[in-house]
Protein chains: 4
Amino acid sequence: MNEQGMRTGVWLVGARGSVATTAVVGAAAVRTGLGDCHGCVTELPDFPDAGLPRWDDLVFGGHDIVDLSLDKRAAELADAGVLPHRLLGPLAREIDAADAEIRCGAPPYDPRDPLPPEAAAAQARTAERIGADIEDFRDRLGLARVVVVNVASTEPAVPVRPEHGSLPALRKALDSEPDVLPPSSLYAYAAFNAGCPYVDFTPSTGARLPALDELARSRGLPYAGHDAKTGETLVQSVLAPMFAQRALRVRAWSGTNLLGGGDGATLADPDAAASKTGSKRRGLEQLLGRQVEGHVSIAHVPALGEWKTAWDHIAFEGFLGVPMSMQFSWHGCDSALAAPLVLDLARLVAGAHAAGLAGPLGRLAFFFKDPVATTEYGLADQYRTLREFAAALAGPA
Amino acid sequence: MNEQGMRTGVWLVGARGSVATTAVVGAAAVRTGLGDCHGCVTELPDFPDAGLPRWDDLVFGGHDIVDLSLDKRAAELADAGVLPHRLLGPLAREIDAADAEIRCGAPPYDPRDPLPPEAAAAQARTAERIGADIEDFRDRLGLARVVVVNVASTEPAVPVRPEHGSLPALRKALDSEPDVLPPSSLYAYAAFNAGCPYVDFTPSTGARLPALDELARSRGLPYAGHDAKTGETLVQSVLAPMFAQRALRVRAWSGTNLLGGGDGATLADPDAAASKTGSKRRGLEQLLGRQVEGHVSIAHVPALGEWKTAWDHIAFEGFLGVPMSMQFSWHGCDSALAAPLVLDLARLVAGAHAAGLAGPLGRLAFFFKDPVATTEYGLADQYRTLREFAAALAGPA
Amino acid sequence: MNEQGMRTGVWLVGARGSVATTAVVGAAAVRTGLGDCHGCVTELPDFPDAGLPRWDDLVFGGHDIVDLSLDKRAAELADAGVLPHRLLGPLAREIDAADAEIRCGAPPYDPRDPLPPEAAAAQARTAERIGADIEDFRDRLGLARVVVVNVASTEPAVPVRPEHGSLPALRKALDSEPDVLPPSSLYAYAAFNAGCPYVDFTPSTGARLPALDELARSRGLPYAGHDAKTGETLVQSVLAPMFAQRALRVRAWSGTNLLGGGDGATLADPDAAASKTGSKRRGLEQLLGRQVEGHVSIAHVPALGEWKTAWDHIAFEGFLGVPMSMQFSWHGCDSALAAPLVLDLARLVAGAHAAGLAGPLGRLAFFFKDPVATTEYGLADQYRTLREFAAALAGPA
Amino acid sequence: MNEQGMRTGVWLVGARGSVATTAVVGAAAVRTGLGDCHGCVTELPDFPDAGLPRWDDLVFGGHDIVDLSLDKRAAELADAGVLPHRLLGPLAREIDAADAEIRCGAPPYDPRDPLPPEAAAAQARTAERIGADIEDFRDRLGLARVVVVNVASTEPAVPVRPEHGSLPALRKALDSEPDVLPPSSLYAYAAFNAGCPYVDFTPSTGARLPALDELARSRGLPYAGHDAKTGETLVQSVLAPMFAQRALRVRAWSGTNLLGGGDGATLADPDAAASKTGSKRRGLEQLLGRQVEGHVSIAHVPALGEWKTAWDHIAFEGFLGVPMSMQFSWHGCDSALAAPLVLDLARLVAGAHAAGLAGPLGRLAFFFKDPVATTEYGLADQYRTLREFAAALAGPA
């Protein structure tokens with residue numbers, strides 16, 4: 001795919017957030033040789049060069065509902081230690097270029113505060129506008145394709161509605177009712193209608209509705225998700241197989257997540273947290289082969305800024321039931337962990353689209369807490385699968 | 001191999017130590033249904049029943065240089081929380097039976113305090129006596145085979161000597177000089193001469209000398225080793241691949257090991273510790289693909305009794321060089337972690353012998369810090385290899 | 001007070017629980033020289049011999065609503081590693097003697113499931129029966145006094161009721177209404193009526209009602225409380241002053257408590273947890289001089305058995321606002337931490353009663369998360385106050 | 001002392017190091033209102049305004065053997081996250097002013113590489129030059145006094161020599177031999193000769209020689225030290241009293257220190273580390289009242305940059321010998337912890353000098369791992385003593 005004409009758009013929903021800003025600045029830094037691409041999996045020697053867009057091929061745009069300019073956001077992130085100060089000057093032009101491609105996003109959505117009936121069909125109109133923004137970006141810049149990646153704040157869990165079950169029912173509801181879809185799903189709907197693959201980077205609902213799966217398949221579009229693993233769950237995805245393979249009996253696995261920054265504030269809402277803790281727990285029990293005691297707590301600690309700290313305690317038994325324990329703590333910068341994965345996913349999903357794949361990409365499970373279309377939760381197996389996937393995209397050697 | 005006549009001896013060097021005693025009592029507890037076999041990998045559903053001796057097939061004996069009876073040692077371990085008190089009464093007969101098969105071991109060896117010249121050939125005589133003890137055990141009890149497992153205290157690192165380089169040179173030196181081999185290697189020599197496979201469960205030299213490899217191959221005997229991973233290194237063998245696969249750049253990995261019990265006392269000797277920290281570090285750097293800062297310290301803390309606590313600190317960089325860190329601590333009961341692996345290894349090496357394999361068993365790397373005949377250090381890959389190995393032993397389904 | 005005739009009853013509410021059983025067995029072990037009194041503050045060289053009942057002077061009894069015999073409970077605690085197995089045989093007679101002095105307790109109380117109106121005055125009758133049990137114990141055994149200590153499971157927080165505000169109102173309500181007092185307060189009411197000092201060892205309401213304070217003072221009775229600090233809060237009470245005295249600005253202090261055993265189950269009820277987390281937080285903010293971010297979570301993890309693990313994360317700033325952090329984890333056996341404090345408090349409150357003190361004993365703040373009648377939360381200051389208190393009880397040297 | 005004419009010099013030995021640079025920039029930031037004085041104990045409300053030089057009164061100079069300019073050093077520290085970038089511009093003039101007062105220091109000293117005999121009396125000449133530099137600074141700037149503070153890299157432990165035992169013997173040796181004193185002591189000698197108080201901020205020998213004590217007293221000069229506690233030892237100084245006051249029996253206390261930056265490199269030398277671990281261990285055992293198992297390790301981990309991480313594991317016993325444990329880790333920025341204490345000490349020692357105190361200031365133990373002239377190691381007691389000291393300097397209210 002590395003030929004001429006493979007310029008690829010990366011359309012970020014939540015384009016002014018920390019993750020998106022770090023991705024935009026970081027991609028520019030790597031492209032210009034000013035920064036290291038630590039954290040980018042597709043740059044490892046295990047991965048072939050072919051089949052994926054190059055760094056030079058990536059062009060950024062997106063939606064957001066705040067209007068702080070990207071250079072101001074980048075300066076904030078530099079003060080917070082997420083971006084090196086030294087990058088901002090040399091990359092100012094690239095940052096401004098991305099800023100110029102950011103459009104006003106879909107309004108937030110609160111199922112506890114429904115829109116009035118007269119707003120019926122408002123979502124259909126929003127979806128059209130969103131789709132038009134993306135198509136304009138693609139056409140104006142002559143891009144081969146645009147991958148839409150949702151990196152906006154986590155939404156509250158959404159109640160199941162019958163109209164989510166099939167595409168005709170969904171289209172009908174959108175024409176006649178307000179508040180049919182949460183924003184993450186509305187973006188997926190718009191993206192698919194515009195012929196764009198979609199990545200659920202967050203635990204929000206996004207493309208995971210039967211109606212949207214139907215739409216993606218019918219349009220020949222791949223999608224990936226959901227909920228990128230960047231800390232506690234990443235570590236769990238190697239430790240849980242270790243305990244299982246060593247036949248050590250895990251009795252309880254308890255986790256505490258202290259989150260600064262934006263996602264922390266969102267998850268202070270117990271409804272939003274529920275969708276995240278659900279993601280986290282599912283993989284753990286799948287890997288251990290059964291339910292274990294313990295629970296996951298998420299707390300918002302603004303003093304941590306862009307950082308997050310997780311502590312896990314694992315109580316397990318060895319031979320003859322002797323009780324033992326392990327604990328770990330992880331201190332990471334959320335955006336610096338997430339941004340390279342955004343770029344990896346944009347490249348891989350672009351490659352999948354170019355290769356003609358459609359529907360959920362279970363083989364990208366490596367990146368996610370709660371991967372679609374697979375039951376593979378162990379990181380080592382996921383990595384093997386990912387390498388095979390990338391090799392297949394690259395084609396015969 | 002599960003037919004009649006497959007009774008298998010497990011000959012433990014260091015038979016009155018904590019690991020050996022736990023293995024003997026635990027095997028009896030599992031056989032009689034009184035105890036759980038947590039920690040026994042070969043009992044996982046991933047492993048076939050065929051090809052390995054059954055629990056009922058295992059018979060225990062061994063060498064030791066202390067003479068505390070096994071039931072007293074077991075009582076100490078019960079007070080220390082390693083064995084459940086409730087097992088000792090019901091298993092008294094089995095414990096006594098193993099005790100009756102323990103013979104006086106080879107004298108310790110201190111390269112800094114050499115034997116006098118008149119002791120020349122003393123080691124050759126000791127090796128003959130040791131071999132005769134094992135052959136008597138096998139013949140008297142009608143065992144199909146005996147696997148010798150070294151679980152004695154870690155020895156100091158041993159200087160390379162030219163006579164270790166070939167079997168003829170070794171035999172000649174044993175006939176004419178004292179202190180040619182450290183005890184762990186003398187046991188391997190005796191075991192191979194007696195037609196028995198051998199397992200290096202500790203970091204001591206054991207079978208890892210060219211002369212002994214030559215002997216094992218010439219006699220058609222398999223051997224495995226070395227240095228079982230039961231804590232810090234086990235965790236490292238899943239975390240290091242995680243960092244590597246996520247392209248996160250590890251800058252420094254520092255480890256502290258607080259060891260109670262016998263092994264702690266041995267490793268308080270910096271020479272013995274050197275052989276252990278070497279084992280630990282090799283795998284880590286292999287997995288990360290390069291050298292990293294940090295060092296491993298081992299301290300003897302008798303107050304921890306049979307327990308050990310390890311703490312590791314990992315400094316790593318994410319996207320654009322942002323510094324992050326992870327730490328873990330592991331609190332485990334050494335003997336309860338090691339004993340089930342002793343049983344796994346005895347069964348697997350017996351199966352390998354029955355299947356006609358000879359020489360170093362690289363496919364058992366899953367169990368070891370510094371495995372022989374392989375460069376596979378990641379636990380997930382090692383587990384896959386182990387399953388394939390067990391399936392091959394089981395033969396066509 | 002060490003003269004003849006100073007035999008002192010220790011009446012335990014929740015007498016068959018882990019803490020009470022450990023206190024009874026432990027006191028017998030110390031008295032007979034079979035056990036160490038680690039954890040008993042009044043045995044430190046800093047404390048005078050005079051003024052407190054001796055170990056030989058202590059006699060145990062109590063109330064409970066379960067009827068598992070004390071020797072069976074002690075056997076369970078030995079299996080759980082809380083009591084040494086070797087003590088149970090030699091102390092059987094002492095354990096049975098305490099068991100024979102345990103009476104049936106007050107029924108539990110659930111403000112969400114009120115008693116029917118016809119049960120009016122049931123609490124008044126229960127209080128009379130309880131008081132009679134204690135008086136019988138005192139009179140029959142010829143005790144100088146009986147200290148009542150509440151070590152029962154933590155109750156849900158109790159709504160404020162006007163009749164709690166004065167003794168006449170309380171007496172009137174008890175005569176005409178059901179469910180006036182939570183059990184912990186009913187015991188305090190009964191104890192005071194019987195002329196006995198009272199210790200709130202738990203976060204339950206107990207004596208902390210204006211009406212009960214009035215009763216204690218009018219009867220010349222001292223009381224102490226509440227919520228003994230045995231782990232996370234104990235550590236906080238030295239770390240928080242350290243940060244304050246070093247002028248290091250604590251930004252966030254987050255705590256996670258994993259509790260096995262009985263108290264864990266109780267605190268899985270968010271209402272009961274609320275009363276505990278309130279206790280914990282108050283002291284911390286008092287010591288730091290202001291509110292800080294972060295929150296306390298309590299989770300019930302039955303797999304931990306009698307143990308509890310707490311993890312605290314402290315984010316603080318140094319010079320010029322540089323962010324730093326500290327974390328600690330505490331792995332303790334709850335009953336083995338609590339029981340010696342129960343004995344210390346029984347002895348000190350007995351001494352206070354003998355010395356004629358009445359009302360809340362603020363000078364015992366050293367023992368409590370949320371001490372009555374004081375604003376002294378730092379452990380070092382509390383210890384100094386405690387030594388002065390003990391010296392005063394001992395009288396002129 | 002807050003009157004006109006109280007301008008005070010702070011003369012930093014190691015003036016271009018991280019600690020000194022942070023102290024200089026930080027003092028300027030606080031004076032100009034651009035920075036917070038977190039970490040400055042003398043600014044707490046517990047401390048009176050009177051008796052100490054004000055921030056406006058402090059003037060900086062010093063010695064160093066490297067010649068990187070202070071503004072470059074400050075820029076490095078800003079990149080490393082120790083100083084806020086935003087301060088460097090506004091404070092450039094103040095930084096340059098301090099830079100202009102830095103003189104070339106005494107050459108390093110290696111007892112394993114002695115100077116040739118012809119260098120006899122070289123140290124006497126160096127001491128004279130150093131003293132003249134300080135006197136020039138004081139006289140030229142019209143300072144009421146100059147406090148000399150050693151913040152240079154830790155020296156190896158120094159062998160005891162007979163000429164250290166008295167002032168006449170020392171003077172005689174300096175006139176006729178090379179290598180009589182380590183640099184830290186040579187600076188103290190020069191400072192005292194110049195009429196200046198001295199602070200041993202590091203574990204180096206400094207003023208702690210009988211001959212130098214004699215000199216300080218004869219000149220009416222106070223001195224303070226040694227080895228400021230800024231992390232692990234600070235925490236130990238509150239946790240150890242906690243265990244002691246709770247009668248919990250500490251069995252083992254093990255510590256691991258991972259140090260980046262300059263001090264880490266110095267302490268990678270086992271000789272230098274020995275002087276540091278000795279300091280650390282003394283206080284711990286004093287506080288616990290006896291020796292405990294465990295040991296302190298110090299490792300240099302350059303990847304940590306200006307940060308250090310310490311991990312301590314404490315194994316202790318509760319009632320009836322039940323084993324429990326606690327662990328903590330401390331992640332701090334060394335210079336940001338040390339610099340405010342340098343300023344505190346400079347102010348307090350200046351106040352002591354103004355008040356006519358001479359000899360070792362045991363009442364400043366609060367700041368040090370191994371304080372002179374006191375056996376008070378518990379932080380709470382040390383704080384109380386410090387407050388009384390400051391109140392005495394302030395005079396009658």
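Me: Let's fix one term: buried means under 20% relative accessible area, exposed over 50% and partly exposed in between, using a 1.4 Å probe and protein chains only. So is A74(C) buried or exposed?

Reply: A74(C) is buried, at 1% relative accessibility. Keep in mind that this is a predicted model, where local features need pLDDT of at least 70, side-chain atom pairs count only at pLDDT 80 or more, and totals for chains, interfaces and linings use all residues, while side-chain values use heavy atoms and leave out hydrogens and water. As for labels, residues are numbered from 1 along each chain as its sequence is written, and chains are lettered from A and ligands numbered from 1 in the order in which they are written.

Me: Thanks! What is the average pLDDT of chain A?

Reply: Chain A averages 91, and 92% of the residues score at least 70; pLDDT is the predictor's confidence in each residue, from 0 to 100. For the complex, the predictor gives an ipTM of 0.94 and a pTM of 0.94.

Me: Back to A74(C): where is that residue found, and which residues is A74(C) in contact with?

Reply: A74(C) sits in helix 2, residues 70-79 of chain C. Helices (H or I, at least four residues) and strands (E, at least two) are DSSP runs, numbered from the N terminus. Leaving aside neighbours within four places in sequence, A74(C) is in contact with T21(C), V25(C), L83(C), L88(C) and I95(C), contact being heavy atoms within 4.5 Å.

Me: And S254(C), what does that one touch?

Reply: Residues from two chains: L258(A) and V301(A), plus G294(C), H295(C), W311(C), D312(C) and H313(C), not counting residues up to four places away in sequence. S254(C) belongs to strand 7 of chain C, residues 249-259, and is buried at 3% relative accessibility.

Me: New topic. How many cavities of 30 Å³ or more does the structure hold?

Reply: There are 14, and the largest has a volume of about 140 Å³. On a 1 Å grid over the protein atoms alone, a cavity is a set of points where a 1.4 Å probe fits but cannot get out, and lining residues have an atom within 4 Å of a point. Grid points are joined across faces, edges and corners, and the volume is the space filled by probe spheres set on the points.

Me: Which residues lie nearest the centre of the largest cavity?

Reply: H331(A), S325(B), Q327(B), S325(C) and Q327(C), out of 15 lining residues. Strand 10 (323-333) of each of chains A, B, C and D supplies at least two residues of that lining.

Me: How many disulfides are there over all chains?

Reply: Zero, taking a disulfide as a pair of cysteine sulfur atoms within 2.5 Å. C196(A), for one, has its nearest cysteine sulfur, that of C104(A), 19 Å away, and C196(A) is buried, with a relative accessible area of 0%.

Me: Why is there no bond between C37(D) and C40(D)?

Reply: Because their sulfurs are 5.3 Å apart, too far for a bond. C37(D) is partly exposed, at 26% relative accessibility.

Me: Last one, backbone oddities. Which peptide bond in chain A is cis?

Reply: The one from G225(A) to H226(A), with omega near -15 degrees. Chain D has a cis bond joining G225(D) and H226(D), with omega about -15 degrees. There is also A373(A), not a glycine, yet with a positive phi of about 60 degrees; A373(A) is exposed at 55% relative accessibility. L320(C) has a positive phi of about 60 degrees too, but L320(C) is buried at 8%.

Key
On a 1 Å grid over the protein atoms alone, a cavity is a set of points where a 1.4 Å probe fits but cannot get out, and a pocket is an open set with protein on both sides within 12 Å along at least five of seven lines; lining residues have an atom within 4 Å of a point.
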